[in-house]
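Colleague: Please take a close look at the interior of this model. Go residue by residue where that helps, and follow the contacts outward.

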Amino acid sequence: MRAIEIVKPGGPEVLEWHEVPEPSVERGDVLIDTTASAVNRADVLQRMGFYEPPPGSSPYPGLEVSGVVTEVGADVEQFKPGDEVCALLGGGGYAERVAVPWQQVMPVPEGVALREAAGLPEVACTVWSNVFMVGRLRRGETLLIHGGASGIGTFAIQLAKALGAHVVTTVGSDAKAERVRELGADEVINYREEDFADKVHADVILDIMGAKYLAGNVRALKTGGRLVVIGLQGGRTAELDLGALLAKRASVHATALRSRPVDEKGVIVRSVVDNVWPLVGAGAVRPVIYAEVPMAEAAEAHRMLDSGEHVGKILLVR
Ligand SMILES: NC(=O)c1ccc[n+]([C@@H]2O[C@H](COP(=O)([O-])OP(=O)(O)OC[C@H]3O[C@@H](n4cnc5c(N)ncnc54)[C@H](OP(=O)(O)O)[C@@H]3O)[C@@H](O)[C@H]2O)c1
């Protein structure tokens, strides 16, 4: 089969479409013939040499795919050849075929094209597990989402609105502000012009900036608030004012999805299928696709992501 190899750490040009060995299918695996994959910020870090795939994962980039099941391992009863599926991966999505533990495989939600379903697993599992399972966001509460125009942000806005939250989000341009309002955001803050911490009181914050926003995020939390950090785009080390946290009886969480054991990913995946897929099927939450790029030209898709102009997901299609 062919896959995108990272020939050395570097810019988008290090992504090359090569002939590589077929993946081996273990007892608990599902082999998927890939229709599409999607680009995530983590793939850029992996390309640059800053994010090794977890042990046992494919060396090729790609944290999600959609496609058709062509083979299943001896222990797999949940899926069969011919099923149209999408899947959360530890790696290997930028390839013609990928083997993945059955626990990480999902049906394609009703009403979503197989190709577009490639842009759902990573955002759905990340947003559901962090905002709802960890952050316990409830109807009527306020959610602050940093980076509302990102792949993660566009999904989080729609899901939180569909479940009755008040949504505030940050973006870096007026054009992006307009797009996130269209997706349902109630309040939008241009972080280049205003300090979000002066404007928001949130029950839950979904943060992708880490150190740079830690103090502001703690300031923006309501009493009993929950800050969930999932990205470190603004650095990993900062001072935490425990006094402020204590006075608000607030909490800070930080999680990563990719490195979790298969069983933990399986719990999240099943919870997404039960709770999120019906909302996608009903049209309340939709994939937000910015562009579709041929998989062999993944370098072009990475250039697009690096430019920061995208809103939503960039797909890699075969
Ligand atoms: N922990 C996990 O398990 C997990 C899983 C998935 C993703 N993530 C993280 O989630 C983040 C989003 O991922 P993605 O793939 O959706 O990336 P993406 O589409 O490339 O989005 C990155 C976003 O960062 C925003 N941003 C940059 N500087 C900002 C600032 N100062 N304030 C607020 N927003 C700012 C950009 O918004 P503007 O263009 O408007 O500036 C852009 O929308 C990444 O940090 C990624 O590592 C974590």
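Modeller: Start with Cys86. Its relative accessibility is 0%, so Cys86 counts as buried. Keep in mind that this is a predicted model. Does Cys86 pair with another cysteine, or is it in no disulfide? The structure holds 0 disulfides. Cys86 is in none, and the nearest cysteine sulfur, that of Cys125, sits 8.5 Å away. Seen from the other end, the sulfur of Cys125 has Cys86 as its closest cysteine partner, yet 8.5 Å is too far for a bond, because a disulfide needs the sulfurs within 2.5 Å. Cys125 is buried too, with a relative accessible area of 0%.

Each of these cysteines leads to a neighbour worth a stop. From Cys86, go to Gln104. Gln104 sits in the loop between strand E6 (97-101) and strand E7 (105-107). Is Gln104 buried or exposed? Its relative accessibility is 3%, so Gln104 counts as buried despite its loop position. Beyond its sequence neighbours within four places, Gln104 touches Cys86, Ala87, Leu88, Leu89 and Gly90. It also touches Val262, Lys265 and Val269.

From Cys125, go to Val272. Val272 is in contact with Cys125, and also with Met106, Ala124, Trp128 and Trp277, leaving aside neighbours within four places in sequence. Val272 belongs to the largest nonpolar core, which has 47 residues. Which members touch the most other members? They are Met106, Phe155, Leu159, Val272 and Trp277. Helix H2 (residues 121-134) gives this core its largest share, 7 residues. The core also draws on both domains: at least three residues come from domain 1 (2-120 + 258-317), and at least three from domain 2 (124-254). Apart from it lies another core, of 19 residues, with Leu144, Ala197, Met209 and Leu245 among them. As a rule, nonpolar side chains in soluble globular proteins tend to be buried together.

Now Ala38. Ala38 lies in strand E3 (residues 29-38). At 0% relative accessibility, Ala38 counts as buried. What does Ala38 touch, beyond residues up to four places away? Its contacts are Asp43, Glu64, Tyr94, Ala118, Gly119, Lys313, Ile314, Leu315 and Leu316. Take Gly119 from that list. Gly119 is 81 residues from Ala38 along the chain, but their C-alpha atoms are separated by 5.5 Å.

For context, a record covers most of this ground. An unreviewed UniProt entry places the feature "domain: Enoyl reductase (ER)" at residues 10-316. In the model, the end C-alpha atoms of that span lie 20 Å apart, and the span is 30% helix and 26% strand.

Next, charged residues. A search of the whole structure finds 20 salt bridges. One of them joins the side chains of Arg47 and Asp306 (3.1 Å, N to O). Arg47 lies in helix H1 (residues 41-47) and Asp306 in helix H10 (residues 298-307), so this pair ties together parts 259 residues apart in sequence. Arg47 is buried, at 3% relative accessible area. Asp306 is partly exposed, at 38%.

Glu141 appears in two bridges. With Arg138, the closest N and O atoms are 3.1 Å apart. With Arg226, the side chains meet at 2.9 Å, N to O. The Arg226 pair links distant parts of the chain: Arg226 is in strand E12 (residues 221-229), Glu141 is in the loop between H2 and E8, and the two positions lie 85 residues apart in sequence. Is Glu141 buried or exposed? Glu141 counts as buried, at 10% relative accessibility. Arg226 is buried as well, at 4%. Arg138 is partly exposed, at 48%. Elsewhere, salt bridges with shared partners join Arg2, Glu22, Asp33, Glu96, Arg97 and Arg318 into one network.

Finish with two backbone checks. Most residues other than glycine have a negative phi. Arg136 has a positive phi, near 50°. Arg136 lies in the loop between H2 and strand E8 (142-145). It is partly exposed, with a relative accessible area of 42%. Arg249 also has a positive phi, near 50°. Arg249 is in the loop between helix H7 (242-248) and strand E13 (251-254). Arg249 is exposed, with a relative accessible area of 63%.

Technical notes: Residues are numbered from 1 along each chain as its sequence is written. This is a predicted model: local features need pLDDT of at least 70, side-chain atom pairs count only at pLDDT 80 or more; totals for chains, interfaces and linings use all residues. Side-chain values use heavy atoms; hydrogens and water are left out. UniProt positions are given in the numbering used here, feature names are shortened, and annotations may be inferred rather than shown by experiment. Helices (H or I, at least four residues) and strands (E, at least two) are DSSP runs, numbered from the N terminus. Buried means under 20% relative accessible area, exposed over 50%, partly exposed in between (1.4 Å probe, protein chains only). Contact means heavy atoms within 4.5 Å. A nonpolar core is a set of buried Ala, Val, Leu, Ile, Met, Phe, Trp, Tyr and Cys residues joined through side-chain atoms within 4.5 Å. Domain bounds come from an automatic or database domain assignment. A salt bridge is a side-chain nitrogen of Lys or Arg within 4 Å of a carboxyl oxygen of Asp or Glu.
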